[in-house]
Amino acid sequence: MTGSQPEGRIADNIVYFARALRKAGMRVGPASVKDAIEAVLTAGIGSRDDFYWTLHAVLVTRHEDHATFDEAFRLFWKSRELVEKLLAMFSPVALENRERQKPRAAESRVSDAMFEGHQNAAPPREIPDIEIDARFTVSGNEMLRGKDFAQMSAAELTDARRAISELRLPFDMVTTRRFKADASGRRIDPRAMMRASARTGGALILPKFRSPREIYPPLVVLADISGSMSQYTRIFLHFLHALTEKRRRVHAFVFGTRLTNLTRQMRHRDPDQALADASAAVKDWSGGTRIGETLAEFNRLWSRRVLGQGAVVLLITDGLERDHVDGLAREMERLHKSCRRLIWLNPLLRFDGFEARARGVRAMLPNVDEFRPVHNLNALADLCVSLGRSRMHENDPRRWLDAVTARAA
């Protein structure tokens, strides 16, 4: 294939490919499609990788769209897998049993976008009427709440974001050292008494009372945006936006190979605009990760500013540190001592056979108050309940550490 005379109908195929990307949730307009065709004609296609990165450079404008583009390219431009999916969809006979592979990120919504309408084109078949007793089945809403964020379709992600905005937020008030005027309080307020008596010239002194003031503690989020965590972090940022709208002192930080403060971007009232501003501010989305270095930067520059008055820290990462773990353990200990409560949210806990074997996980767990999953709506709902309560035993990180120690012995 040459740059000036592309073989076959490559331009038409790029148009169809862009439509599939748009249905899968990416922002691909007519101008981007035209630029992609011109880029392919200009650069030419020497190999499959050249073609991939030429389209990627033009069509992918947000870091979080990389997984969607990668999965769509794999399905659309690899004819063998495309034929197998079509056969599996239209064949009335079950294919041979094969070992089921782990679903890939964005696979569900990309497949829905590419094969949309094919079922309607299939010849109609007479289906006998069957009555089903659904008293003990799970509703669609309950199925959505238990589905992994990484395997949701574009429509399911939209429903999930709507459900996140309707979550009942935690009531986790903390008592401060300051007081407020309270007629039913148990403490005498001498200053208020003196001010009131000054109005009458000191002739009449009436008792005034006060009680301790209760406030919402600061909530600080440190979210991993590396390649394995980007999909979960993006969904969690919708939850964080809902928190920011309804309570003060919510601070958002994301990290990959560097630390980025997104607190100002998350204060935008429109959640889509807030996420767009956040995506534009981050330069290392879906890249590598250096947990120890970024935590050290947070402890040095931001901890004294945002971790006062009993702050709660939500750390979202899989704990797969690429550097040495000695510094990671030290920075985790410092972070733990600087806040009232440190909760680690790890999507790897969605697997029943998860074990704390990775060096980074073992270095972080001793300095964590709770160890929780964050892969679906049920996990977020449980987190809201947990924030309004004290430490919960079933999420004690020592369970995983003791299990690894017992297995080693």
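This is a tutorial dialogue on reading the features of a predicted model.

Q: Before looking at single residues, how many helices and strands does the protein have, and what share of its residues count as buried?

A: The protein, which is a predicted model, has 18 helices and nine strands. Of its 409 residues, 43% count as buried. One can also ask about contacts along the chain: among those between residues at least 6 apart in sequence, 77% join residues at least 24 apart.

Q: What span should the 14 residues of helix α2 have, and what is the distance between its end C-alpha atoms?

A: The general idea is to multiply a rise of 1.5 Å a residue along the helix, and for the 14 residues of α2, which runs over residues 30-43, this gives an expected span of 20 Å. The C-alpha atoms at the two ends of α2 are 20 Å apart, which agrees with that expectation. Just after α2 comes Gly 44, which takes a positive phi of about 75°.

Q: Which residues of α2 are buried, and against what do they pack?

A: The general idea is that an α-helix has 3.6 residues a turn, so residues three or four places apart point the same way. In α2 the buried residues are Val 33, Ala 36, Ile 37 and Val 40. They cover an arc of only 95° around the axis, which puts them on the same side of α2. These buried residues of α2 pack against α1 (10-23) and α3 (48-59).

Q: Which residues are exposed on the other side of α2?

A: On that other side, Ala 31, Thr 42 and Ala 43 are exposed. Ala 31 can serve as a worked case, because its relative accessibility is 53% and a residue counts as exposed when that value is over 50%. Ala 31 is also useful for comparing sequence with space, since Ala 31 and Leu 59 are 28 residues apart in sequence, while their C-alpha atoms are 10.0 Å apart.

Q: How many salt bridges does a search of the whole structure find, and where do Lys 34 and Glu 38 lie?

A: A search of the whole structure finds five salt bridges. In one of them the side chains of Lys 34 and Glu 38 meet, at 2.6 Å from N to O. Both residues lie in helix α2, four residues apart, which is about one turn of the helix. Glu 38 is partly exposed, with a relative accessible area of 38%.

Q: Which residue forms a salt bridge with Lys 337, and is Lys 337 buried or exposed?

A: Lys 337 forms a salt bridge with Glu 333, and their closest N and O atoms are 3.1 Å apart. The two residues lie in helix α15 (residues 326-338), again four residues apart and about one turn of the helix. Lys 337 is exposed, with a relative accessible area of 66%, whereas Glu 333 is partly exposed at 34%.

Q: Where in the chain are Arg 341 and Glu 370, which also form a salt bridge?

A: The closest N and O atoms of Arg 341 and Glu 370 are 2.4 Å apart. This pair links distant parts of the chain, with Arg 341 in strand β8 (residues 341-345) and Glu 370 in strand β9 (residues 370-372), 29 residues apart. Arg 341 and Glu 370 are both buried. Through salt bridges that share partners, Arg 341, Glu 370 and Arg 372 are joined into one network.

Q: How many aromatic pairs does the structure hold, and what angle do the planes of Tyr 52 and Trp 53 make?

A: The structure holds 12 aromatic pairs. The ring centres of Tyr 52 and Trp 53 are 4.8 Å apart and their planes stand at 85°, so this pair is edge-to-face. Phe 236 and Phe 239 form a tilted pair, with 5.3 Å from centre to centre and 55° between the planes. Phe 236 and Phe 239 both lie in helix α11 (residues 230-246), three residues apart, and they are buried, Phe 236 at 3% relative accessibility and Phe 239 at 0%.

Q: Which residues form one aromatic cluster, and which charged end sits over the ring of Phe 179?

A: The cluster is formed by Phe 17, Phe 51, Tyr 52, Trp 53, Phe 69, Phe 73 and Phe 76. The charged end of Arg 210 sits over the ring of Phe 179, 4.2 Å from its centre. In a further case, the charged end of Arg 305 sits over the ring of Trp 302, 4.7 Å from its centre.

Definitions and conventions: Residues numbered from 1 in each chain as written. Predicted model: local features only at pLDDT ≥ 70, side-chain atom pairs only at ≥ 80, totals over all residues. Heavy atoms only, no water. Expected span 1.5 Å × (residues − 1). Buried < 20%, exposed > 50% of the residue type's maximum accessible area, 1.4 Å probe, protein only. Arc of directions from axis to C-beta. Contact = heavy atoms within 4.5 Å. Salt bridge = Lys/Arg side-chain N within 4 Å of Asp/Glu carboxyl O. Phe/Tyr/Trp six-rings, centres within 6.5 Å; stacked < 30°, edge-to-face > 60°. Lys NZ or Arg CZ within 6 Å of the ring centre and 35° of its normal.
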